[in-house]
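Please find below some points on helix packing in this entry.

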Amino acid sequence: MSEETNSNDPNMTVYSLARLKPPSLKGGPSDRLSHALHKLYEGLLSKKVEPICCAYQVVSEVCRALSASDIVGLVDRELGTTAKKMVVSAYSHRHCFMCKGGTNECDQCEGAGQEAPGRPCFRCEGLGLIICDFCHATDWADRQTIPVDLKSSVLDRHLVHVKTDLQLIQTTFAQESLDSLKGKPKSEKIKFITSLVRIQAQMNDLLKTDLGGDPQISEKFNKLIQSVSDWLNMFRVQPQKK
Ligand SMILES: [Zn+2]
Ligand SMILES: [Zn+2]
């Protein structure tokens with residue numbers, strides 16, 4: 001199961017709470033819109049991903065009669081001009097709850113990648129990890145759960161996250177040798193391999209969206225997807241030569 005990082009989005013710390021304001025809409029407990037906006041306001045103040053997404057969902061349901069852009073307008077008007085940006089950021093950081101960052105430890109080999117010395121595990125093909133069936137290793141919450149009015153903004157955020165993570169991975173490879181990475185304690189190694197599997201899945205996922213139509217992005221990502229495959233192969237347990 002996912003941990004705390006899901007709700008403590010580091011990127012959300014960049015938003016100043018000073019720009020937020022409590023909703024002016026007044027109403028008793030029966031006033032659903034006022035109540036929903038207050039919940040969203042509380043969520044934004046907490047800067048926690050799940051409370052924000054859940055509260056926005058309720059606001060959208062209460063405002064079903066409004067168009068999608070009218071709902072975004074209402075939220076910004078009622079809660080301040082950073083509200084929409086924070087909601088988008090929250091959705092872009094919403095994670096899969098069924099895995100640890102896109103994968104789970106292989107239960108066949110318990111993460112060792114091998115059944116016996118020099119005999120790669122058949123289930124995980126020597127990697128020690130199994131791809132999550134729910135998010136297909138992206139670690140992103142299902143895109144279907146993103147409100148339609150926020151979809152393209154969330155997609156833009158996902159692209160930014162992928163570029164940042166790619167840079168981190170490339171820096172790691174530039175600073176550390178393969179042997180030193182392979183020699184790391186199991187938990188650290190698994191974390192790094194998971195980041196490779198995840199970034200590959202995320203690039204594949206983004207290529208299936210409208211972004212895939214951008215030749216610059218598709219060319220770059222297809223090349224990088226291949227590189228990540230090569231990197232991953234270097235971490236697989238290889239069969240021992242006789
Ligand atoms: Zn295995
Ligand atoms: Zn998952």
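The points below take up two helix pairs in turn.

1. The model is predicted: local features need pLDDT of at least 70 and side-chain atom pairs count only at pLDDT 80 or more, while totals for chains, interfaces and linings use all residues. Residues are numbered from 1 along each chain as its sequence is written, and chains are lettered from A and ligands numbered from 1 in the order in which they are written.

2. Helix H1 (residues 32-46) packs against helix H2 (residues 49-62) at about 160°, the axes being 8 Å apart. Axes are lines fitted to C-alpha atoms, for helices over the stretch in contact, and angles run from 0 to 180 degrees between N-to-C directions. Helices are DSSP runs (H or I, at least four residues), numbered from the N terminus. H1 and H2 are therefore roughly antiparallel (an angle over 145 degrees).

3. On the H1 side the contact (C-beta atoms, placed from the backbone, within 7 Å) includes Leu33, Ala36, Leu37 and Leu40, and on the H2 side Ile52, Ala55, Val58 and Val59 are among the residues met. The residues of this contact of H1 with H2 comprise 12 nonpolar (Ala, Val, Leu, Ile, Met, Phe, Trp, Tyr, Cys and Pro), 2 charged (Asp, Glu, Lys and Arg) and 2 polar (the others, Gly among them).

4. For helix H4 (residues 83-92) and helix H5 (residues 151-175) the angle is about 60°, with axes 9 Å apart. H4 and H5 are therefore oblique (neither under 35, nor over 145, nor 65 to 115 degrees).

5. Val88, Ser89, Tyr91 and Ser92 of H4 make the contact with Ser153, Val154, Arg157, His158 and His161 of H5. By class, the contact of H4 with H5 has 5 polar, 3 nonpolar and 1 charged residues.

Methods
Helix = DSSP H or I, 4+ residues; strand = E, 2+ residues; numbered from the N terminus. Contact = placed C-beta atoms within 7 Å.
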